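Please work through the following exercises with the sequence and the structure at hand, trying each task before you read its solution.

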Amino acid sequence: MEKSEFVTLLVAMRNEEAYIDKCISSLVTQDYPHENYEVIILDGCSTDNSLRIVEEYLPQYPFLKLVNNPRIIQAAAWNMGIEQSQGSVIGIVSAHSILATDYVSNLVETIRRTGADMVGGPTVASSTGLIAEAIALALNSPFGVGNAKFHYTTKEIEVDTVFMGACYRQVYEKIGGFDEDMVRNQDDEFSYRLRESGGRIICNPNIRSSYFNRSNLPGLWRQYFQYGFYKVRVLQKHPHQMSMRQFVPPAFVLSLIASLILYVILPWGWILLAVIAGSYLAANLTASLITASRKGWKHLWLLPVTFAILHLSYGLGFLSGLVKFWNRWGDKTGKVSHF
């Protein structure tokens, strides 16, 4: 019988009292042999009840470890976890996620069978409450996230990045850990660096999990603004790894801004503004109608707003990042730990 890989999963946590209990509950009920498995929870100085919730699990499950992360940010937590890990396979887990009981088993099966450098499952957003459900539907929609197939694929495919990726230890030793210069998109930057080194990333829908997305629209706006903002640094460090879908929201926002300026200064400017805004509105309403017809008409009035927030916040964030990081073109430096 083939020997089991020793697996380490890293959970970066800060003020996650609403989610961490469900996450850990799914981590301790894995069908993978517990003697070949550890979970390192890295707390970024939580001020809520997150620590107390985690500490209640520790006496019963010795494969759980709790570590303080004074740097707070996720990239620093993951790097610290890699340094302290025992696993031959090391993966990251969102504190907002719930894993299927066979998650680790399928993770190991996939990385062994495919020979890929990184594997993971699709992103399945799932939340309760009318607004949170509408956000989840938008995040699981091609119109909401473009052709990022790792969000919704139903078959095993090669991708440019993946949700909660896991790698063999040798990958981290070869290309380094996560870039602590990145407050957002740390996993994207790592994936792009991996692909530049010749690595392959596989998304397998059998590696099942769900995660609790943002439950309110202002929170969603802040999240996707930051994604767009820091995507500029990913572009500057890995320009050949970017795909067209990542430029569509900033191009759309830039065209809106330009048409608004023309509307103010030229008598025919309103025509361009009407064409751009009208085309987007038509596409948005069509996508909203299709999604609501499949998932529930109660979401119809929220979906157009949710789609617009995803696109506008990301686009504005990207344009703001271009301004902020204008002098860092060609600068591929970062705070990458080496093991």
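**Exercise 1. Accessibility and backbone of Cys-45**

Task: Decide whether Cys-45 is buried, partly exposed or exposed, and state what sign its phi has.

Solution: In this predicted model, the relative accessibility of Cys-45 is 31%. Buried would require under 20% and exposed over 50%, so Cys-45 counts as partly exposed. The next step is to place the residue, and Cys-45 is found in the loop between strand 2 (37-43) and helix 2 (50-57). Finally, the phi of Cys-45 is positive, at about 60 degrees, although this residue is not a glycine.

**Exercise 2. Accessibility and backbone of Met-164**

Task: Carry out the analysis for Met-164, asking in which element it lies and whether it is buried or exposed.

Solution: Met-164 belongs to strand 8 (residues 163-168). Its relative accessible area is 4%, and because the limit for buried is under 20%, Met-164 is classed as buried. Turning to the backbone, Met-164 is a residue other than glycine with a positive phi, near 55 degrees.

**Exercise 3. Two helix pairs**

Task: Classify the packing of helix 1 against helix 2 and of helix 9 against helix 12, and give the handedness of each crossing.

Solution: Two packed helices are described by the angle between their axes together with the distance between those axes. For helix 1 (residues 20-27) and helix 2, the angle is about 20 degrees and the axes lie 10 Å apart. Angles under 35 degrees count as roughly parallel, so helix 1 is roughly parallel to helix 2. The crossing of helix 1 and helix 2 is right-handed.

For helix 9 (residues 217-237) and helix 12 (residues 303-324), the angle is about 40 degrees, with 7 Å between the axes. Helix 9 and helix 12 are therefore oblique to each other, and their crossing is right-handed. The residues in the contact of helix 9 with helix 12 comprise 17 nonpolar, six polar and two charged.

**Exercise 4. The largest cavity**

Task: Find how many cavities of 30 Å³ or more the whole structure holds, and describe the lining of the largest cavity.

Solution: A search of the whole structure turns up one cavity of 30 Å³ or more, and the volume of the largest cavity is about 50 Å³. Its lining consists of Ile-92, Met-118, Val-162, Gly-165, Tyr-172, Phe-178, Asp-187, Phe-190 and Ser-191. When these lining residues are sorted by class, six are nonpolar, two polar and one charged. Sorted by element, the largest share of the lining, three residues, is contributed by helix 8 (residues 186-196).

**Exercise 5. The second largest pocket**

Task: State the volume of the second largest pocket, and determine which helix gives the most to its lining.

Solution: The second largest pocket has a volume of about 300 Å³. Of the 13 residues that line this pocket, Leu-137, Asn-140, Ser-141, Thr-291 and Lys-295 lie nearest its centre. Helix 5 (130-139), helix 6 (142-145) and helix 11 (269-295) each supply at least two residues of the lining, and helix 11 gives the most, with five. The classes of the lining are seven nonpolar, three polar and three charged residues.

**Exercise 6. Leu-260 and Ala-274**

Task: Compare the separation of Leu-260 and Ala-274 in sequence and in space, and locate Leu-260.

Solution: Leu-260 is placed in helix 10 (residues 248-265), where, at 44% relative accessibility, it counts as partly exposed. Along the sequence Leu-260 and Ala-274 are 14 residues apart, while in space their C-alpha atoms are 9.8 Å apart.

Key
Residues are numbered from 1 along each chain as its sequence is written. This is a predicted model: local features need pLDDT of at least 70, side-chain atom pairs count only at pLDDT 80 or more; totals for chains, interfaces and linings use all residues. Side-chain values use heavy atoms; hydrogens and water are left out. Axes are lines fitted to C-alpha atoms, for helices over the stretch in contact, and angles run from 0 to 180 degrees between N-to-C directions. Helices (H or I, at least four residues) and strands (E, at least two) are DSSP runs, numbered from the N terminus. Angles under 35 degrees count as roughly parallel, over 145 as roughly antiparallel, 65 to 115 as roughly perpendicular and the rest as oblique. A crossing is left-handed if the near helix is turned anticlockwise from the far one by less than a right angle, and right-handed if clockwise. Ala, Val, Leu, Ile, Met, Phe, Trp, Tyr, Cys and Pro count as nonpolar, Asp, Glu, Lys and Arg as charged, and the others, Gly among them, as polar. Buried means under 20% relative accessible area, exposed over 50%, partly exposed in between (1.4 Å probe, protein chains only). On a 1 Å grid over the protein atoms alone, a cavity is a set of points where a 1.4 Å probe fits but cannot get out, and a pocket is an open set with protein on both sides within 12 Å along at least five of seven lines; lining residues have an atom within 4 Å of a point. Grid points are joined across faces, edges and corners, and a volume is the space filled by probe spheres set on the points.
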